[in-house]
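Colleague: Can you take me through this model? I have a few short questions.

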Amino acid sequence: MNVNQQTPMASPYGQPQPGYGQPSYAPLGGGYPTPYAPYNGPASAYQHGAPPQGYSPYASFPSKAVAANPVSDLSSPVDLGPTRAPPTSAPPAVSSSQGYSQYSQGDIQNGPPPVAQPMQRPAVSQPYTPGAMNLSGPHPSYPQQYAAPPSMQQVTNQMTGMQIGPGPPPTPAGPGYAPPPTSQPPISAAYSVAAPPSYTQGPPPVSAVPPQPPPHSEANAPQPYYGGPPPPQQTFPPSFSSAGPPSQAPGQHQSFPSGPPPVPQSTYTGPPPHTAQTSFPPPPSSQASSFPPTAPPSTAPPAQYPGPMPPPGPPSQPPFQSGPPPQTQLPPTSMAQANHLPPGPPGAMQQPPPQSGMQGGYPPQQNGAFGQVRGPQYPGQPSYGGPAPAPAPAAPSQKRLDPDSIPSPQASDLPAVQKSRHRIDPDAIPSPIQVIEDDKAKTSEPFTTGVRGQAPPLVTTNFQVKDQGNASPRFVRCTAYNMPCTADMARQSQVPMAAVIKPLATLPPDETPPYIVDHGEGGPIRCNRCKAYMCPYMQFIEGGRRFQCGFCSCVTDVPPHYFQHLDHTGKRVDCYDRPELSAGSYEFLATVDYCKNNKLPQPPAYIFLIDVSYNAVKSGMVNIVCQELKTLLDYLPRENPDADSVVRVGFITYNKVLHFYNVKSSLAQPQMLVVSDVADMFLPLLDGFLVNVSESRVVIESLLEQIPEMFADTRETETVFGPVIQAGLEALKAADCAGKLFVFHTSLPIAEAPGKLKNREDKKLVGTDKEKSLFQPQVGFYGSLAKECVAQGCCVDLFLFPNQYVDVATLGVVPVSTGGSIYKYTYFQAQADSERFLNDLRRDVQKPMGFDAVMRVRTSTGIRATDFFGSFYMSNTTDVELAGLDCDKTVTVEFRHDDKLSEETGALMQCAVLYTSCSGQRRLRVHNMAVNCCSQLADLYRNCETDTIINYFSKYAYRSVLTTPTKTVRDTLVNQCAQILACYRKNCASPSSAGQLILPECMKLLPVYLNCVLKSDMLLPGGDVSLRQLLSCMDVAESHLFFYPRLLPLVKLEGDSLPVAVRNSEERLSKGGVYLLETGLHLFLWVGANAQQELLLNIFGTPTFSQIDPNMTSLPILDNPFSQRLREIVESFRAQRSRYMKLMVVKQEDKAELIFKHFLVEDKSGSGGASYVDFLCHMHKEIRQLLS
């Protein structure tokens, strides 16, 4: 398989791209003449339309048949210029005219050439303007030994980028190549040297390697060339550097390279070595000095890189070739070929001998580096970092490339096709997997919350929490644990100040749930002025008779029953016996003063409302729900696992009219009461509608048996929706209790009734500025209904089973406003989808809930909570009202300054949630959090949490798309991210070349994660509304997985530990492997076409790839340790998530692979999103614009 095959970008909203209509390549090596048709995928997430204008979905693309050990071709070229060239030959875009163009991007053609072709690439020349430099000096060179070819991953950075265009003749200066010191010898990589314009290839040195066939010569291959003026003066490229590990002093950095700068030609003529075979002496490991070097670099003479080439295959003639036929032609890797330019004079360019070895004797240089030796930097003179680390577990060394060598011509200077393109090695830029693994490695002790302003381990790390005065990160995570002291500083940095709060989060079994404190009839102790609850930040004075509030500094008398003496440090003697004085999270039992109408609440009720229209019955939904409820009602939530649940239940069915059921325990058979006057909904019975399950079990089971039979022959297709929620609300009002409605609904409510909707689906609006109207409710009825529900404590969970358009934006108003959830099963089929639906339903019914909740966030003087994101209702600016609050829901709170903060006292926040538990008890859950304040920007950037910032950005984006065009939202996010990083660069980083991209250590993944947000379904034109609503109340762990899925190679599954994940890119997939991809909503099992027979037998019980059934949704239960462990892993992943993840088996080359590739977020997306490398360059350009 062509592992790096990239899907070309869709044109921006239907404009034809230059080059799309031009002749395409014939399949090479006998590939697939008929490519994939655009796949429409599971309708829930991928509803794409037709391909873009001017794009033929039947363009052929190169064969995917490759040799057993293919050599990876170019990785992504980086394009910093403002316009886009047409795509290289690749599978047609997944997306439709909905594709958006994020900004300029380079085109990518990756992957090995077909089997029939020799492993070589067309030689090309590059403009190169050497600076004045001394090219004399010692030329050390080192012998290289070779072994078997490596895996894809090891080869990705073994080729240099190619650039086409006329320029001054290159000089023989070669790029310096010095791998950084690592614990194991580096893998060798060949970089070709700049040398005189015409070469022939000499024979390999005899002594270096065993005899091998001579390399296949390309001397006669005619090559396309660019006409037009040479590119303007080259400016500096990015080289990536990241501030050093936390132990370092501020302002010291590690650096990441930005990919090879232009060299005239690049050729690779030998098998790359397997793991670490080539021996280089380590470079001098002195501490980098802080000034640039004065000595000129020494250069190594061109050395031969010998090695066998695969035998040449039959020549294949591209459609636009003129001149003598080349001996072979690869799929277009150079930009000239991709753009179908006229061919150049034959024989003009041949292969330069590549360089081996490295340069010695560099003076070290500090240029944002910390502890790494760095070669001298000159414009156009690269300094290469080491190649990709071997797959051994040793920590890979950081790499860096030089700035000052990527040209960024203005669009006006060059024709559209003449663009400078540079490839950045993906291994040289910050790796999410590396950061995640490093964090796991350094987290061995339990995380104690007693230290103010201490950032917790990442959400991807398993750790134990000991509550010592601050809320556990499972309840509260902050974007920054060092808040800026002033509003000006916050404005300057642009780092959002926010907290993601999950008030009822479930804790792992080894952590203690919050203690319940009962202060008797007096109720919780509070500050007189700001009403903050007693917490560890209250300071007791005057011998313990009064306390000073940590939030507003007001002094309050201690009630006599609460008095206690102080010890010599001023703490109360009973401090550690009272959770509210020593813990960050705890609960108070609320008194009657905290209850509605000053009376204690009734236990809550669950009402099941089932659509029995024709579609619901025919799809099998009605039958499945009724069968499941028989057993599910035994698992209603309860405080004490041994006691029966006190939650009462009721049942309603509906189509155009509503059917209420009397299931009183004294009845022999359930009674049905029909209400056909849906315009004025009322409850036809009081007694017998809400019942206790254990008392009325026989009647309930009889009802659930009868419902599917009663409506089996229905012909009623129309449904109502508004009156259904009104009916449940009336029932809860009549019983004077809070509760939850489970609505199982199939179609757009078009029957004559309040809340009737019309089909307003309009494909023409998708991608336009008017698209936002589709995300707004089409009638105001549901907004006022939601307000009534919240007032009663009536939470609504909506299970949708649509076969066609349902207006989720409107139907979802009530669930979203009441703290409920929306589950959507498009084209529901009982056989295929019942497992996912039933698991979602079981979890939804059983999970711990709070009802009729009000949340308020108090802060210390200087900051205040100004904005809230999530599923709730707000009738004023301070109180978040939630009819229901479950253990999965989060509320994100944004803070702003209203005064200066002091570094001594820090900043405090207290989140108090008043709710009714599922046993009917009124409680107050309190979470306290203290963070540091800082007057130095460097301190702010040292203590941020990228995952939480991304969670905040995604929720900000979700809310913005409701009122703003998606393009504007995208631009706002990119701009804010650029400002955050530019502020760091300007104020915190040590001075270095403008061409270097410097990232703060704790934010080095901000660009890759932000790019994932921009490419996600949430910000795609025509994105799924239910998905956006789900995102609005995701916690940090789930949003992290949603934007950057987890990709696990299934090679060895030994012990309890999981295999180390690999990065989300197609080039990380091995054809002989099997991978598990988890997104939080989906599970994919990707099977490579050459997967080992033993692996297939262990997982699927079949020896061959062709026998695997791609439609299976669960793994076969086989009696071998591998199968057992894999099923355990799948089950443990599902247990951690709030939604059941359906397993999808994806065979390589299958059409379902397009859906799978949608989640390989480091690659270009089919809908036009940039690859990680391209986005990083774009980000760097934005930062430089801000700095200049």
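Modeller: What follows covers the model's basis, its overall make-up, one sheet and the nonpolar cores.

Modeller: This is a predicted model, where local features need pLDDT of at least 70, side-chain atom pairs count only at pLDDT 80 or more, and totals for chains, interfaces and linings use all residues. Residues are numbered from 1 along each chain as its sequence is written, and side-chain values use heavy atoms, with hydrogens and water left out.

Colleague: How many helices and strands in the protein chain?

Modeller: There are 23 helices and 37 strands, taken as DSSP runs numbered from the N terminus (helices H or I, at least four residues; strands E, at least two).

Colleague: And how much is buried?

Modeller: Of the 1188 residues, 62% are buried, meaning under 20% relative accessible area with a 1.4 Å probe, protein chains only.

Colleague: Switching to the four-stranded sheet: what is the strand order?

Modeller: The open sheet runs β11-β13-β30-β28, with antiparallel pairing; strands pair if DSSP finds at least two bridges between them. β11 (476-478) and β28 (863-869) are the edge strands.

Colleague: What joins β28 to β30?

Modeller: Six bridges. Asp 867 stands opposite Glu 894 in β30.

Colleague: Now the largest nonpolar core. How many residues?

Modeller: It has 90; such a core is a set of buried Ala, Val, Leu, Ile, Met, Phe, Trp, Tyr and Cys residues joined through side-chain atoms within 4.5 Å. Tyr 941 and Phe 1100 are among those with the most contacts inside it.

Colleague: Which helix gives the most to it?

Modeller: Helix α16 (residues 966-987), with 10 residues. Another core, of 50 residues, lies apart from it and includes Leu 609 and Tyr 805.
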